[in-house]
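Okay, thanks for making time, everyone. I'll put the structure up, and then we can walk through a few bits of it together.

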Amino acid sequence: MAQSKPAISPWGGAVAGATGAVIANALVYPLDIVKTRLQVQVRPSGRKSDNDDDDDALHYSSTWNAISRIVADEGIQGLYAGMNGALVGVASTNFAYFYWYTVARALYTKSAGPSAASPSTAVELSLGAAAGALAQLFTIPVAVITTRQQTAAKVDRKGLFATAHEVIEGPDGVSGLWRGLKASLVLVVNPAITYGAYERLKDVFFHGKTKLKPWEAFLLGAMSKALATIATQPLIVAKVGLQSKPPPARKGKPFGSFVEVMRFIIQHEGIQGLFKGIGPQILKGLLVQGILMMTKEKAELLYVLVLRYLKSVSFSRAQGAIAASSATSLAKNAALIKPLVKS
């Protein structure tokens with residue numbers, strides 16, 4: 001009989017999810033820089049205009065071209081620009097997401113009853129979307145700051161707080177820290193599709209299996225993230241465009257909505273422009289999701305083991321205290337009884 005997976009609290013799920021996400025994103029961070037820069041650049045039109053400087057701006061032709069040119073211009077550290085803020089954002093977003101997802105799923109399971117079947121795909125998507133929306137409301141300012149740091153030239157790049165101040169001093173004021181919120185709320189379908197697909201694929205390929213091997217968790221995570229990325233890439237590109245500085249062709253005028261960003265991209269680059277950077281986006285997503293799910297499974301197990309150890313230590317101390325108290329009481333009683341025996 002298969003041993004059931006130990007129940008884990010929402011806090012445990014959040015810690016495990018955030019830990020896995022930070023490790024995964026730190027390992028593949030250069031891909032994050034590359035895909036962001038590919039997504040914000042406007043490809044040269046090939047015709048001269050009054051804005052010749054725009055056509056002469058730096059453009060990357062591929063993922064490898066971007067990596068080599070970033071290293072040549074900025075050194076290896078250029079591939080890690082804005083990493084501190086990015087990891088803070090990743091940790092906070094995933095902590096919030098996994099916390100609310102675990103709470104929502106536990107409430108649904110409890111309300112459905114012990115005899116109910118596993119949640120359907122629609123339910124998994126709804127739970128994931130609700131958790132993702134709550135997470136985005138609190139963590140999007142870090143994403144805005146990180147995007148600005150990643151897309152800024154080396155000479156213009158500032159620290160986390162200085163970049164936040166620059167955003168606040170912009171035309172949107174404090175609300176500029178929440179630029180792209182609508183797009184981000186729409187994009188909650190990405191983690192919803194990812195984790196909904198993960199649960200369904202797990203049931204299809206490893207039905208009844210409660211403890212996955214690392215490679216199995218990696219495979220399921222990678223497959224589910226690839227499906228979600230392909231479905232939502234145009235929105236991802238639009239959100240990055242909203243959160244970064246406007247392209248030279250806009251003459252400093254920021255985009256007003258993600259629909260406006262998409263129209264601008266189609267006008268200048270065609271429909272295919274909505275899928276720019278999809279190569280490193282998918283590769284990063286595959287690696288991050290696979291590593292995240294693999295490490296999350298281990299982190300959850302570690303969390304349970306540590307919790308059990310702490311409980312056992314507390315129980316042992318309590319037993320020791322009770323035994324010591326009993327011994328003291330027996331000694332006192334013996335002292336009281338001894339004179340009576342002599343008399």
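Let me start with a question: is R157 buried, partly exposed or exposed? Have a look before I tell you. One caution while you do: this is a predicted model.

Right, R157 is partly exposed, with a relative accessible area of 22%. The cut-off for buried is under 20%, so R157 at 22% doesn't count as buried. And R157 has a partner: its side chain meets that of E74 in a salt bridge, at 2.9 Å from N to O. R157 sits in the loop between α6 and α7, while E74 is in helix α4, so the pair ties together parts that are 83 residues apart in sequence. E74, for its part, is buried, at a relative accessible area of 8%.

Let's step back to the whole chain for a moment. We have 343 residues, and 42% of them count as buried. There are 12 helices and 0 strands. If you take contacts between residues at least 6 apart in sequence, 75% of them join residues at least 24 apart. The accessible surface comes to about 18400 Å², and 65% of that belongs to carbon and sulfur atoms.

Now, back to α4, since E74 lives there. Helix α4 covers residues 63-74, and at 1.5 Å a residue its 12 residues should span 16 Å; the end C-alpha atoms are 16 Å apart, which agrees. Which residues of α4 are buried? They are N65, A66, I70 and E74. Looking down the axis of α4, those buried residues fall within an arc of 125 degrees, so they line one face of the helix. The textbook background here is that an α-helix has 3.6 residues a turn, so residues three or four places apart point the same way. What do the buried residues of α4 pack against? That would be α2, residues 29-40. On the face turned away from the buried side you'll find the exposed residues W64 and A72. And following α4 there's G75, with a positive phi, near 85 degrees.

Okay, more charges. Side chains of opposite charge can pair when their charged atoms come close. A search of the whole structure turns up 11 salt bridges, and the R157 and E74 pair is one of them. Another one is E216 with K209, at 2.9 Å from N to O. There E216 counts as buried, at 4% relative accessibility, whereas K209 is partly exposed at 30%. Then there's E269 with K276, again listed at 2.9 Å, N to O. In that pair, E269 is buried, and so is K276. There's also a network of salt bridges that links D32, K35 and K284.

Last stop, the surface. Which residues form the nonpolar patch there? We get W100, L134, L137, F138 and L185, with about 460 Å² of accessible area together. Helix α6, residues 121-151, supplies the largest share of the patch, 3 residues. L137 is found in α6, and L137 is partly exposed, with a relative accessible area of 39%.

So, to wrap up: a predicted model with 12 helices and 0 strands, an α4 whose buried residues line one face, and a salt bridge from E74 of that helix to R157 in the loop between α6 and α7. That's it from me.

Technical notes. Residues numbered from 1 in each chain as written. Predicted model: local features only at pLDDT ≥ 70, side-chain atom pairs only at ≥ 80, totals over all residues. Heavy atoms only, no water. Helix = DSSP H or I, 4+ residues; strand = E, 2+ residues; numbered from the N terminus. Expected span 1.5 Å × (residues − 1). Buried < 20%, exposed > 50% of the residue type's maximum accessible area, 1.4 Å probe, protein only. Arc of directions from axis to C-beta. Contact = heavy atoms within 4.5 Å. Patch = residues over 30% accessible without salt bridge, like charges linked within 9 Å, V, L, I, M, F, W, Y side chains within 5 Å. Areas by Shrake-Rupley, 256 points an atom, 1.4 Å probe, with all protein chains shown as cover. Salt bridge = Lys/Arg side-chain N within 4 Å of Asp/Glu carboxyl O.
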